[in-house]
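Reader: I would like to learn how to read a structure such as this one, feature by feature. Could you take me through it slowly?

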Amino acid sequence: MRCSLPGKFKKEFQLKKDKLYHTDIAVVGDMVDIKLTDNDAGVITKIHPRKNYLSRKAPRLRGASYRGERLEQIIAANIDNLIIVSSIHEPEFNNKVIDRLLVAGESSHLNCIIIINKADLDDEDEIKNWVNLYKDLGYQTFITSIITKQGLPELNETLLGKKNIFWGQSGVGKSSILNCLYPFLNLKVGEISYYSEKGIHTTVTSTMIKVEDDTFIIDTPGIREIDPFGIRKEDLGHYFIEFSEYIPACRFNTCTHHHEPECAVIEAVENGEINLHRYESYLRILDTIEEDIIF
Ligand SMILES: Nc1nc2c(ncn2[C@@H]2O[C@H](COP(=O)(O)OP(=O)(O)O)[C@@H](O)[C@H]2O)c(=O)[nH]1
Ligand SMILES: [Mg+2]
Ligand SMILES: [Zn+2]
C-alpha cells in the first residue's frame, strides 16, 4: 500500500556519545502502523523497533564536508538471512568480498548464507577448497548454476518462511537465480548497475517482494559496496567467527591481532588453525577502519 511519511519522522538524528548519527526513518523491512487515508493509500503513524538491521557507512559524496561524523545508511530491517552471492568465474571468485559481507552480516546479527554460482564454469573443481573453508567455518554454502540447476532446490528450501536479502557483486547471477526460483519475478538479467563518471551511483532503492506465504526477498540493485558501519578495530575479530575462541587468550584485551605481542590469533594463523586467506581479509578490513571513531 502506498503510504506517505509525515514530516515529523523525516529529520531525526540520534546523538550517541557526542556524535550525531543520521537514522533512516523507515526502511525496507520495517514494521509500521498506518492510518488509511483512502481505499488504497495511507500515512505511517508509527515505526516499530527493529529486531536487527543491515547498514553500511554512507558513501562519501564529492564535496561533502564530514567533520569527523560518520553517516550510517540503513539498507533493510528485520531480516533473517543475508544471502551472499558470488560466482566462480565471470566475475572471478573473490573471497575478500565474501569476507567483508560476512562481517556486515555478523555484526548485524543476521544468519549468513553463501552462494557460489556459475558452477557450470568450473571444469577443474577449482572451487572445492573455498567451499570447504566456508563450510568448515559453519556457514551454509551452496554451489549453484542456473544452467544445470544444481543447488537451486536446496537453496529454495532454505529461503522458505524467511526474509532474505541478496547481496553480491554485480554480474554474479543474483537476478538470474531469483528468476529460476520465482519465474514470475521476471527480473532483468545482465544489468550492470550504473555509475556516473564521478563514481556516484544512481540511487536505486531496494524493494522487498513476497514470493510465497511468509517468504520474502529483498533485492539490492545498484548498491555495490558495503563498508560496515561502526566497527571498532578491537571488535573486528569477533565478526570473523573462527577467531572468537582464540581472542580471550590474547595478551591484551584491546588486541587488534595485527602487531601485538602474544596474540593468540596470529599464533593460530601461524600454526594453520586459522586460514591465512581469512586472516588476510581481516587485515585488509582492519586497515579501512579509521582510528578516530569514538563510540
Ligand atoms: N554460465 C552461467 N552464467 C550465469 C549463471 N547465472 C547467471 N549467469 C549470467 O551472468 C550474467 C549476470 O547475471 P545477473 O543475474 O544479471 O547478475 P546480477 O548482477 O548478480 O543480478 C548474465 O549474463 C547471466 O546470464 C550461471 O549459473 N552460469
Ligand atoms: Mg541483478
Ligand atoms: Zn590478538
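Author: What follows goes from the whole chain to single residues, then to a pair of helices and to the ligand. Please keep in mind throughout that this is a predicted model.

Reader: Let me begin with the whole chain: how many helices and strands does the protein have, and what share of its residues is buried?

Author: The secondary structure comes to eight helices and 13 strands, and of the 295 residues in the protein, 29% are buried. As for how the chain meets itself, when one takes the contacts between residues at least 6 apart in sequence, 63% of them join residues that are at least 24 apart.

Reader: How should I read the surroundings of a single residue, and where does Phe9 lie?

Author: One counts the C-beta atoms around the residue, and 20 or more within 10 Å would make it buried. Phe9, which has its place in helix H1, residues 7-10, has 15 C-beta neighbours inside 10 Å and therefore counts as partly exposed. Setting aside neighbours within four places in sequence, Phe9 is in contact with Ile25, Ala26 and Ile44; Ala26 is 17 residues away from Phe9 in sequence, while the C-alpha atoms of the two are 8.3 Å apart in space.

Reader: What should I look for in the backbone angles?

Author: The general idea is that most residues other than glycine have a negative phi, and that most peptide bonds are trans. In this structure, Asp125 has a positive phi of about 55 degrees although it is not a glycine, and His257, also a residue other than glycine, has a positive phi near 55 degrees.

Reader: Where is Asp125, and is Asp125 buried or exposed?

Author: Asp125 lies in the loop between strand E9 (111-117) and H3, and because 10 other C-beta atoms lie within 10 Å, Asp125 is exposed. His257, by contrast, is buried, with 27 other C-beta atoms within 10 Å, and its place is the loop between helix H6 (233-236) and helix H7 (264-270).

Reader: Which residues does a cis peptide bond join?

Author: The cis bond joins Glu90 and Pro91, with an omega of about -5 degrees, and Pro91 belongs to the loop between strand E8 (81-87) and helix H2 (95-107).

Reader: How do I read two helices that meet, and at what angle do the axes of H2 and H8 cross?

Author: One compares the directions of the two axes. Those of H2 and helix H8, residues 276-288, come within 10 Å and cross at roughly 65 degrees, which means that H2 is roughly perpendicular to H8. The crossing is right-handed. On the H2 side the residues that meet H8 are Asn95, Lys96, Asp99, Arg100 and Val103, and on the H8 side they are His277, Arg278, Ser281, Arg284 and Ile285; by class, this contact has two nonpolar, three polar and five charged residues.

Reader: Finally, how many residues surround ligand 1, and which helix gives the largest share of its shell?

Author: For a ligand, one asks which residues line it and of what class they are. Ligand 1 is surrounded by 18 residues, of which the closest are Ile146, Gly173, Lys174, Ser175 and Ser176. Helix H5, residues 174-181, supplies the largest share of the shell, namely three residues, and by class the shell has five nonpolar, nine polar and four charged residues.

Technical notes:
Residues are numbered from 1 along each chain as its sequence is written. Chains are lettered from A and ligands numbered from 1 in the order in which they are written. This is a predicted model: local features need pLDDT of at least 70, side-chain atom pairs count only at pLDDT 80 or more; totals for chains, interfaces and linings use all residues. A residue is near a molecule or strand if its C-beta atom, placed from the backbone, lies within 6 Å of it. Helices (H or I, at least four residues) and strands (E, at least two) are DSSP runs, numbered from the N terminus. Ala, Val, Leu, Ile, Met, Phe, Trp, Tyr, Cys and Pro count as nonpolar, Asp, Glu, Lys and Arg as charged, and the others, Gly among them, as polar. A residue is buried if 20 or more other C-beta atoms lie within 10 Å of its own, exposed if 12 or fewer, and partly exposed in between; C-beta atoms are placed from the backbone. Two residues are in contact if their C-beta atoms, placed from the backbone, lie within 7 Å. Axes are lines fitted to C-alpha atoms, for helices over the stretch in contact, and angles run from 0 to 180 degrees between N-to-C directions. Angles under 35 degrees count as roughly parallel, over 145 as roughly antiparallel, 65 to 115 as roughly perpendicular and the rest as oblique. A crossing is left-handed if the near helix is turned anticlockwise from the far one by less than a right angle, and right-handed if clockwise.
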